[in-house]
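Visitor: I am new to this structure and would be grateful for a close look at a single part of it. Please choose a sheet and describe it strand by strand, before placing it beside other parts.

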Amino acid sequence: MPQVKIIAKNFMDMVASLPAIKLDLLYRNQFICEAILRSLPPLAKKYVLQMLYIDIPITSKSLQEWLLADGSSKHKVAIDRLIQLRVFEVIDRKKETTYKLNSTFQTNLRKHMISGGILPREPIPQSVTARLPTSEELDAYAHEQWECFLLQLISSGQAKKSTSFSSSMMRIFQRGLLRQRDKEAPRLTESGFQFLVCIMKLMALLPLFCVCGLMDPYTDKLNEGKIEIGSLSWPLYLNWKTLMQLFFCHFVARLFILCSDFHVLVQEQGVDQADLIAFLLELSFHTPGEAYSLDTLTDDQTTMIKDLADLGLVKLQKGRKESWFIPTKLATNLSVSLTDSSSRKQGFVVVETNFRMYAYSSSKLHCEILRLFARVEYQLPNLIVGAITKESLYNAFENGITAEQIVTFLQQNAHPRVAEKIPSVPENVTDQIRLWETDLNRVEMTPAHFYDEFPSRDVFEAASDFARMHNGLLWEDAKKMRMVVMAEIHMLMREHLRGQNK
Amino acid sequence: MGHGERGRPNKKFKFAKDDHRGSAMEDDYSFYPDEADDEPCDGENEGKKRDFTNLELKLDHGNRPLWACADGRIFLETFSPLYKQAYDFLIAIAEPVCRPESMHEYNLTPHSLYAAVSVGLETETIISVLNKLSKTKLPKEMIDFIHASTANYGKVKLVLKKNRYFIESPFPEASWLFLVLKKLLQDEVIGRARLVSENAQGSDGFTISKTAGEIESGHSGLLMESELAAAAEEKETHAFEIDPAQVENVKQRCLPNALNYPMLEEYDFRNDSVNPDLDMELKPHAQPRPYQEKSLSKMFGNGRARSGIIVLPCGAGKSLVGVSAASRIKKSCLCLATNAVSVDQWAFQFKLWSTIRDENICRFTSDSKERFRGNAGVVVTTYNMVAFGGKRSEESEKIIEEIRNREWGLLLMDEVHVVPAHMFRKVISITKSHCKLGLTATLVREDERITDLNFLIGPKLYEANWLDLVKGGFIANVQCAEVWCPMTKEFFAEYLKKENSKKKQALYVMNPNKFRACEFLIRFHERERGDKIIVFADNLFALVEYAMKLRKPMIYGATSHLERTKILQAFKTSRDVNTIFLSKVGDNSIDIPEANVIIQISSHAGSRRQEAQRLGRILRAKGKLEDRMAGGKEEYNAFFYSLVSTDTQEMYYSTKRQQFLIDQGYSFKVITSLPPPDAGADLSYYHLDEQLALLGKSLTNSTNQVLTAGDDAVGLEQLEEDADDIALHKARRSMGSMSAMSGANGMVYMEYSTGKHKLIGHGQNKSKPKDPSKRHHLFKKRFG
């Protein structure tokens, strides 16, 4: 089983970590080129567009001349990113670094600019599909699938529809997010907690889906085949976009980190990781809510789409003759980049000075997340009542969740009723959470060796002096001639003692 | 620490089975014994009963303030527009579990429903109002529970009218109620006690009369109009008379363990023509505050006086409530307090708030044996004086005889939470009273005795919300802090030794870091803010050591009444006396309105009540009202510090102790950096040799078997309030187990050693070790 080497932070990091050949293969697809372009930091986007019709390499010096005085750090980020993604090819010539756009990327992006993207498949006309789910229904479906999936991740046995996930896939995801000790129930890892917390933010925003969905210019522009660059000035759009960015930053990245493993499994079925990425990116250019025939997919893609359906990215439906898939909004926003993360969110947690916690939520997922660090006592239709206890926190700490994460979580999700107060979470509670954590860190472990039965006091004293000289003496009892010495100098000590014996 | 870390045990369903608790409580010295004792019901409840997600949410749930769970737990949003009404209603029907800022929790218990019924709420009213306030449909279990609990309560009343006792039951409400009286009569005891009157009117010879309905309209906004009308109508009642001599027996028969028709006691004082009136009115300047009015209205809701308990935080003006009640009833009043000092204070309060003439009020303590003149008056005395069973002086015997023979209009009992049930029984059986009013700040005890109060005195009539009073500026806004003092190396090493297991308390109390923190705080508050400070220490050895070292006056059990008065007077008036040291004699009743800082250096294990009582010493609001109100100038005007030595039992106890206050919405801020590291030799015990000397003192003394801090039990003080102390003492010693009923998930009272306690008074000064051979081994080296 290959080890995961690159810790990708978001989807595009994942793409960037692909080998060069794979990347070049990817760039043959126009949609992927567009998706990559969108994912870039603004300055990088500008460079790409400016160089799109330039066929000769450009020196890094002339690139720098475009910069304002304060832009050098952004410039560096942009260039790094472009090189990582192999959008820029670096050519060192006469001691001077020059950049050139990846030719495959360049050609395809040019084509795409001029002609607009043409998807390999057209939506199935209404006459065939009869009634398709409305946008609300589709969102609800995506939401449900997604939550079900997450629930399944943290607690086996809670989710109702647990059977719908193929166990191999579940296992793969769990490997990344959960840690299972022998004979114990699986537990969430630190990154798993982070992941869930991010997802939480999204869950709080889900009601926005419907509102934004109606006004989303994104799909319109896509239908017209235009490329959407820059100016993201519509606040609602921005919000929604941020939401999706968060989503993909955290979800897809995790998902694809795990893909290194996933990859191995699917390979048995002949699916390649690059294919998967290509397919996902392509999927993001479909119109949500439209039906696309399954027949237009390759065999590999057909395999993949079933898993994606489990995650709520697409909905599969069967007509009389044909089967089709309907991309949900989750799928169509895969390629959005993370540029700013200011998001408006509705908190739901009230923490009281007596360590009781009231969460206005009916989500099982919320409940499970709270359970990670608090004792849930009552569950009501729209309220979860819990208590933050020493035991529950120790549990959380043991799972690698930090006090800071918990405090941040509580603060960020503070119910509007208490959110405007300062502090939104009572000080004594946050202090205590931190104190409990530091309490656990009071003992420091130092690997060491214990020496006793010294033949004579001289030997003992020489040895203790020796150890002290090397800053390795941790403890000594001169009366009984015993000492504890740090493990690092154990070898030295042994030599020293041998020397003495002679 | 770990406030609120344990869910409160669910009292409700534990009505008859409180046996499985106690056992874990006997050994209070395991380090963190909280696993076993706190949540025995957790296992049974978790998962099964506490998932109420299936309750049907009403469409307009956003406008309704509360959730009700099938197990009796109720959650109330304090930011709801209906909060005030809902709060008044819930406090009448349910027991508050915790009341922090945004969300309150309550428990429906048989007792709380009993209390509800006794203030005139009826079963159907309770259910319908609750249903109106609830965001969800009421769980069926809760409705059933309310029905079951209220079926028998409040159906029978014991009324003293014109000096004849009647057992009364409202008649036409439901015909089966009629059967209640019949059923009672079928009982042998009650049947015999009945007096058949000649002018009987009813079919079975019952007297039929009319009683005024509830005039209270607190919940009117929530009730249907028809219900209101019904409440205001005069009600026809049936009654039969019983033999006054048999009253106690009849009451006994009606208790839950027998016939289970607990009787409400009401006193129709307006129609009492036999007992002479007492001429007393509230003075015009005595303006009861809104919550005081409310508590009084619960007591006099239907024109008669009900017996019961009123719970108000310390400093919120309990005495005014007591005096108001007495001036409304206008009959002879017997007022019971816990000690001589508070007897003086009560007498003073009576004169302050009411127009009572001096000759009509008298004190009866071991020091002053007065008698009032005329045929009605107020007697202020202590529980011990009345309940004392031993031989009395001739003079006291006479007074007691008078107390016994008089029919008291009102029996006013202060600090009911501290007095053991036995003493109550005794006091109540000795004195004949028409109406009993208990006053307290904290209706929690670490033993099961709270339950008894319900039937001995009456239900809880009213309980104020601490935070609301703080917001209203009626009591001080206290900043509570827990100061973590790390043990010094040497002290901790001794602490961990097995042979020192009995000296642990001495070690963590005498921890030099604690001393330094205390000294620092005293200095800071005296010099920087000009505050008046009380330092509390339960451990006498520590009290003496601290006070001596810091040269401050102290009061403890053995301090004479005269000296106490002198010290308190100096503290109140002198500019030079800003700090006093108090042992636990200062916990209750001593009124020191000037103090606004408390430093607690040692305390009585895990007693939540003690913590609350102590806080109460500084709750009396000071300064201008507008400054104190929420948003006023001074955010905090009082400070409560509890010093604990880290990594010792104290940490565990302090968590327990704070629970009550935390439930009232207080929060304890943890301070870890006291004294400031740069304090240096400014504060005492900076140098190691000083610290070691202190350590030696704390340890060696115990080997001499003289009274010292050494033995934990000896270091604790036994209160010696009065000469008639024995009854109190005995009662205390018998306490040992806990019950789920009282919500007492704290620690037990410690057992006291009777023999050693005699040494306390005079043993103090002998405590310095003299014999070098008995020096602690640490010091042998140094001295020898």
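Guide: The account below follows one sheet of chain A and then turns to chain B.

The model is predicted: local features require pLDDT of at least 70, side-chain atom pairs count only at pLDDT 80 or more, and totals for chains, interfaces and linings use all residues. Residues are numbered from 1 along each chain as its sequence is written, while chains are lettered from A and ligands numbered from 1 in the order in which they are written.

The chosen sheet of chain A is open and has four strands, in the order E9-E10-E12-E11, with antiparallel pairing. Strands here are DSSP runs of E with at least two residues, and helices are runs of H or I with at least four, numbered from the N terminus. Two strands pair if DSSP finds at least two bridges between them. In general, the strands of a sheet pair through backbone hydrogen bonds, either parallel or antiparallel. E9 and E11 (375–380) of chain A stand at the edges with a single partner strand each, so one side of each has no neighbour in the sheet. Direction ignored, neighbouring strands of this sheet are turned by 20 degrees against each other on average; the axes behind such angles are lines fitted to C-alpha atoms, for helices over the stretch in contact, and angles run from 0 to 180 degrees between N-to-C directions.

Consider the strands in sheet order. E9(A), residues 349–351, pairs with E10(A) in the antiparallel sense over three bridges, and Val349(A) has Ala359(A) as its bridge partner. These two strands form a hairpin with four residues between them, and in the turn Phe355(A) has a positive phi of about 70 degrees.

In a regular strand, side chains alternate between the two faces of the sheet. In E10(A), residues 356–359, Arg356(A) and Tyr358(A) point one way, Met357(A) and Ala359(A) the other, and all are buried. A residue is buried if 20 or more other C-beta atoms lie within 10 Å of its own, exposed if 12 or fewer, and partly exposed in between, with C-beta atoms placed from the backbone.

E10(A) also pairs with E12(A), residues 383–387, in the antiparallel sense over four bridges. There the bridge partner of Tyr358(A) is Val385(A). E12(A) pairs in turn with the edge strand E11(A), antiparallel, over five bridges, and Val376(A) stands opposite Gly386(A).

Chain B offers a second sheet to set beside this one. It too is described as open, with four strands in antiparallel pairing, in the order E1-E2-E4-E3. Its edge strands, E1 (66–68) and E3 (95–98) of chain B, each pair on one side only, and the twist averages 25 degrees from one strand to the next. E1(B) pairs with E2(B), residues 73–77, over three bridges in the antiparallel sense, where Trp67(B) stands opposite Phe75(B).

E2(B) also leads to the place where the chains meet. There, 31 residues of chain B are in contact with 26 residues of chain A, two residues being in contact if their C-beta atoms, placed from the backbone, lie within 7 Å. On the chain B side, the elements giving two or more residues are E2, helix H26 (649–663) and strand E27 (668–671). The largest share, three residues, comes from E27(B).
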